[in-house]
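Me: Could you take a close look at one part of this model for me, the sheet and what packs against it? Once that is clear, I'd like to hear about the charged pairs as well.

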Amino acid sequence: AVHYDGVEAGPAAGDDAAGSAALLETLRALRARKEPLAHDVIALFTDGEEAGLLGAAAFVREHPWAKDVAFVLNFEARGTSGRSYMFETGPGNRDAASLLRSARDVTAGSTFTTVYRTLPNDTDLSEFAVLGVPALNFAFADGVERYHTSRDDLAHLNPGSVQHHGLQMLALTKKIADGALPRPRTGDAVFFDLPALGLVVYPVGFALPLALVALV
């Protein structure tokens, strides 16, 4: 899911034309596949996100397709450059975090997702939470001083950030839509990315024993 509306202060190139462009390109790539995916993909472009998540709320509460949603990917921005960071999940995120490995070039950390749950910030994913399905939320946030200003424009938008959005969006969509649905229910995980190893994911119950081993 992405939103195509913006604030009156600026052109909204990062927030969220970048996500909209990545979703359009992902749809093009999926349609070019010779083999169809095992499951349907719902491409949701919402309106009224900046006014109070209105489009997402309408979809969740009124659209007949909402009951068929098995996994949510949401793409946002709080700036105009930087890596597309996976910063929020739904509860019981170990399975969802494990799926991130299919995107390979990932930046994510369970510490940040835990902190984000305590913040008053909202994106469309706040409305999708009503569905109770696994979810991953992505955003780039460098150049935050341009967020919701007249400088959130094409001249300041980093093409590499849009590309990183798209790489993860396409890889995860293919992985999820070609796999078994619904996804298995799991507990939360500890996860973080390392340069040589990629994304490391393990159950949160392993955190204390591993910390004790490291201390010893």
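Reply: Let's start in the middle of things: strand β4 and strand β6 (residues 135-140) run antiparallel and are joined by four bridges. One place to see this is tyrosine 85, which stands opposite alanine 139 in β6. Keep in mind that this is a predicted model.

β4, covering residues 85-89, also pairs with β5, this time parallel and through two bridges. Tyrosine 85 turns up here again, with threonine 107 as its bridge partner in β5. Put together, tyrosine 85 faces alanine 139 in β6 and threonine 107 in β5.

Now step back to the whole sheet. It is open, has four strands in the order β3-β6-β4-β5, and its pairing is mixed. The edges belong to β3 (72-77) and β5 (107-108); each has a single partner strand, so one side of each goes without a neighbour in the sheet. As background, strands of a sheet pair through backbone hydrogen bonds, in either a parallel or an antiparallel way.

How enclosed is β4? Four of its five residues are buried, so the rest of the structure largely encloses β4. To get from β4 to β5, the chain passes through helix α3 (residues 94-99), and this β-α-β crossover is right-handed.

A good residue to click on next is phenylalanine 191, which sits in strand β7 (residues 189-194). Is phenylalanine 191 buried or exposed? Its relative accessibility is 1%, so phenylalanine 191 counts as buried. Leaving aside residues up to four places away in sequence, phenylalanine 191 touches Met86, Thr89, Asn93, Ala97, Ala108, Gly109, Ser110, Thr113, Val200 and Val201. Two of the names there, Met86 and Thr89, fall within β4, residues 85-89. Ala97 is also on that contact list, and helix α3 spans residues 94-99. Ala108 is touched too, and β5 is 107-108. Further along the chain, proline 203 is twelve residues from phenylalanine 191, and their C-alpha atoms are separated by 8.7 Å.

On to the charged pairs: the structure holds six salt bridges. One of them joins the side chains of glutamate 25 and arginine 28, at 2.8 Å from N to O. Both lie in helix α1 (residues 13-31), and being three residues apart puts about one helical turn between them. Glutamate 25 counts as partly exposed, because its relative accessibility is 41%. Arginine 28 is partly exposed as well, at 46%.

Another salt bridge brings together the side chains of aspartate 178 and arginine 33, with 3.5 Å from N to O. This pair links distant parts of the chain, 145 residues apart: aspartate 178 is in the loop between α6 (159-177) and β7, while arginine 33 is in the loop between α1 and β2 (45-46). Aspartate 178 has a relative accessibility of 39% and so counts as partly exposed. For arginine 33 the value is 28%, which means partly exposed too.

Finally, look at aspartate 68, which forms a salt bridge with lysine 67; their closest N and O atoms are 3.8 Å apart. Lysine 67 is exposed, with a relative accessible area of 69%.

Methods
Residues numbered from 1 in each chain as written. Predicted model: local features only at pLDDT ≥ 70, side-chain atom pairs only at ≥ 80, totals over all residues. Heavy atoms only, no water. Pairing = 2+ DSSP bridges. Buried < 20%, exposed > 50% of the residue type's maximum accessible area, 1.4 Å probe, protein only. Contact = heavy atoms within 4.5 Å. Right-handed = clockwise from strand over helix to strand, strands pointing away. Salt bridge = Lys/Arg side-chain N within 4 Å of Asp/Glu carboxyl O.
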